Amino acid sequence: MSDHELAGRLATAAGELLLDVRSELAEASEAERKVAGDKRSHDFLMEALAAERPDDAVLSEEGADDPVRLSAARVWIVDPLDGTREFSELGRDDWAVHVALWEAGELVAGAIALPAQGVTLATPTVDSPPAGPDKPRIVVSRTRPPSIALAVRDALGGTLVEMGSAGAKVASVVQGLSDVYVHAGGQYEWDSAAPVAVARAAGLHTSRIDGSPLIYNRPDPLLPDLVVCRPELAEAVLAVTRD
């Protein structure tokens, strides 16, 4: 099984497990669903990667950071449940599972599963999004749109699309449901690794907000800002976000 196939299969399987958790804990509190979802998806991914790729290192949001990854040739970067709040709210479908592989300095495979939508987007082949509308759609959190996204909207004469997790936001750009995702409020490598791998496979622009490359498997996994957008919009977006 190729790394691309494995990323897609594991993200999908973890998503199915999370749907089971949701069903089992439908009468539980949102806090209980969050804890159970994070733990069970993390445990599944760690066990599966240990079985399928025993020589590879893993960086997971829910696991202790093992410094062995810094000298490893191959590192899986996973977010077992991206959007715990959205997952915990029954009926929400804007949450995700991220599985990505970093090798020799680059992201080489990745998958975003959107379990409640029955969708998994995975490398190496992801369709480029269809043509967008004249007014670019900037995807933002439904409760706290960041000021940088509002500035991009104003500069591009765009509109806002509200959505939950980072993975769901990037997936919406890949799927042609939005056109720009810009974030500057603090993220970690697991928040963006798989989404960026998938976005690149779809031909989208990905970078830091100053236009510099996104670099993964660093000693400090904090990677606080991100731009994912249609390539024809990149110059206009970066003209705003670089300021």
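Let's start with D191 and the residues around it. Leaving aside its neighbours within four places in sequence, D191 is in contact with D79, D82, H98 and A166. Keep in mind as you look that this is a predicted model. You can find D191 in helix α6, which covers residues 189–201. Its relative accessibility is 13%, and because buried means under 20%, D191 counts as buried. The side chain of D191 also has a partner in the backbone: one of its polar atoms lies 2.8 Å from the backbone nitrogen of Y188.

Two of the contacts of D191, namely D79 and D82, deserve a visit of their own. D79 sits in strand β2, which runs over residues 74–82, and D82 has its place in strand β2 too. Is D79 buried or exposed? With a relative accessibility of 1%, D79 counts as buried. D82 comes out at 5%, so D82 is counted as buried as well.

Now look at what surrounds each of them. Setting aside neighbours up to four places away in sequence, D79 is in contact with E61, V97, H98, W190 and D191. For D82, with the same kind of neighbours left out, the list reads W95, A96, H98, S165, A166, G167, A168 and D191. H98 turns up for D79, for D82 and for D191. With D82, H98 shares a polar contact between side chains, at 3.3 Å.

There is a record to compare with this picture. Which residues does UniProt place under the feature "binding site"? In an unreviewed entry, UniProt gives this feature to E61, D79, L81, D82 and D191. These residues are spread over 131 residues of sequence, yet they cluster in space, with a largest C-alpha distance of 9.7 Å. E61, D79, L81, D82 and D191 are also included in the lining of the largest pocket.

Next, step back to the whole chain. The domain assignment gives domain 1, residues 3–122, and domain 2, residues 137–242. Taken over C-alpha atoms, the centres of domain 1 and domain 2 are separated by 20 Å. How many residues of domain 1 are in contact with domain 2? There are 34 from domain 1, and they are in contact with 27 residues of domain 2. The size of an interface is often given as the accessible area lost when the parts come together. Here domain 1 and domain 2 bury about 2,300 Å² between them, and 61% of it is on carbon and sulfur atoms.

Let's finish with two further residues, S172 and V180. S172 is found in helix α5, residues 166–174. At 0% relative accessibility, S172 counts as buried. Apart from neighbours within four places in sequence, S172 is in contact with V139, M163, L177 and S178.

V180 lies in strand β8, which spans residues 180–183. V180 is buried, and its relative accessible area is 0%. What does V180 touch, not counting residues up to four places away in sequence? The answer is R137, I138, V139, V152, V173, V228, C229, L233 and V237. V139 is therefore a contact of V180 as well as of S172, given that contact means heavy atoms within 4.5 Å. Finally, try finding P136 in the model: P136 and V180 are 44 residues apart along the chain, while their C-alpha atoms are separated by 7.2 Å.

Conventions:
Residues are numbered from 1 along each chain as its sequence is written. This is a predicted model: local features need pLDDT of at least 70, side-chain atom pairs count only at pLDDT 80 or more; totals for chains, interfaces and linings use all residues. Side-chain values use heavy atoms; hydrogens and water are left out. UniProt positions are given in the numbering used here, feature names are shortened, and annotations may be inferred rather than shown by experiment. On a 1 Å grid over the protein atoms alone, a cavity is a set of points where a 1.4 Å probe fits but cannot get out, and a pocket is an open set with protein on both sides within 12 Å along at least five of seven lines; lining residues have an atom within 4 Å of a point. Helices (H or I, at least four residues) and strands (E, at least two) are DSSP runs, numbered from the N terminus. Buried means under 20% relative accessible area, exposed over 50%, partly exposed in between (1.4 Å probe, protein chains only). A polar contact is a pair of N or O atoms within 3.5 Å; within protein, one must be able to donate a hydrogen and the other to accept it, and residues adjacent in sequence count only if both atoms are side-chain atoms. Domain bounds come from an automatic or database domain assignment. Buried area is the accessible area (1.4 Å probe) that two parts lose on being put together, summed over both.
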